[in-house]
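Thank you all for coming; I would like to take a few minutes to walk through one model with you, beginning with a helix and ending with a pocket.

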Amino acid sequence: MMESVQQTITRVSQELSCSLTSRCVAEHLDRHDELRQLRQLRQEFLIPKISDLPSEDCVYFAGNSLGLQPKNTKKYIEEELEKWATM
């Protein structure tokens, strides 16, 4: 049976002799995160900065139906439009 999140945090904090909410537990979990390499994928997307938003009252939610735009989107769309134009 797989360990629950709570069980993992408790086990790690005991192994490291740190509190459950300590930085050392968080850093240990980050270092051993199975998805750590996938974080590099973040660089493949356009992530809006606050200064890019239309106003300070604007909030950007990445949970919309399309999510963040991949950086290669424009290139791929232009390739498809060029194919279409020359059919």
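**The first helix and the pocket**

In α1, the residues that are buried, meaning under 20% relative accessible area with a 1.4 Å probe and protein chains only, are Thr8, Val12 and Ser13. They cover an arc of only 125° around the axis, taken from the directions from the helix axis to the C-beta atoms, and therefore lie on the same side of α1. On the face turned away from that buried side sit Gln6 and Gln14, which are exposed, that is, over 50%.

I should say that this is a predicted model, in which local features need pLDDT of at least 70 and side-chain atom pairs count only at pLDDT 80 or more, while totals for chains, interfaces and linings use all residues. Residues are numbered from 1 along each chain as its sequence is written, and side-chain values use heavy atoms, with hydrogens and water left out.

What covers the buried residues of α1? The cover includes α2, where contact means heavy atoms within 4.5 Å. Following α1 comes serine 17, with a positive phi near 55°.

Turning to the largest pocket, about 350 Å³ of space lies in it. Of the 13 residues that line this pocket, those closest to its centre are Glu3, Thr8, Arg11, Leu29 and His32, lining residues being those with an atom within 4 Å of a point. Both α1 (5–16) and α2 (23–31) supply at least two lining residues each, and α1 gives the most, with 5 residues.

Methods:
On a 1 Å grid over the protein atoms alone, a cavity is a set of points where a 1.4 Å probe fits but cannot get out, and a pocket is an open set with protein on both sides within 12 Å along at least five of seven lines; lining residues have an atom within 4 Å of a point. Grid points are joined across faces, edges and corners, and a volume is the space filled by probe spheres set on the points. Helices (H or I, at least four residues) and strands (E, at least two) are DSSP runs, numbered from the N terminus.
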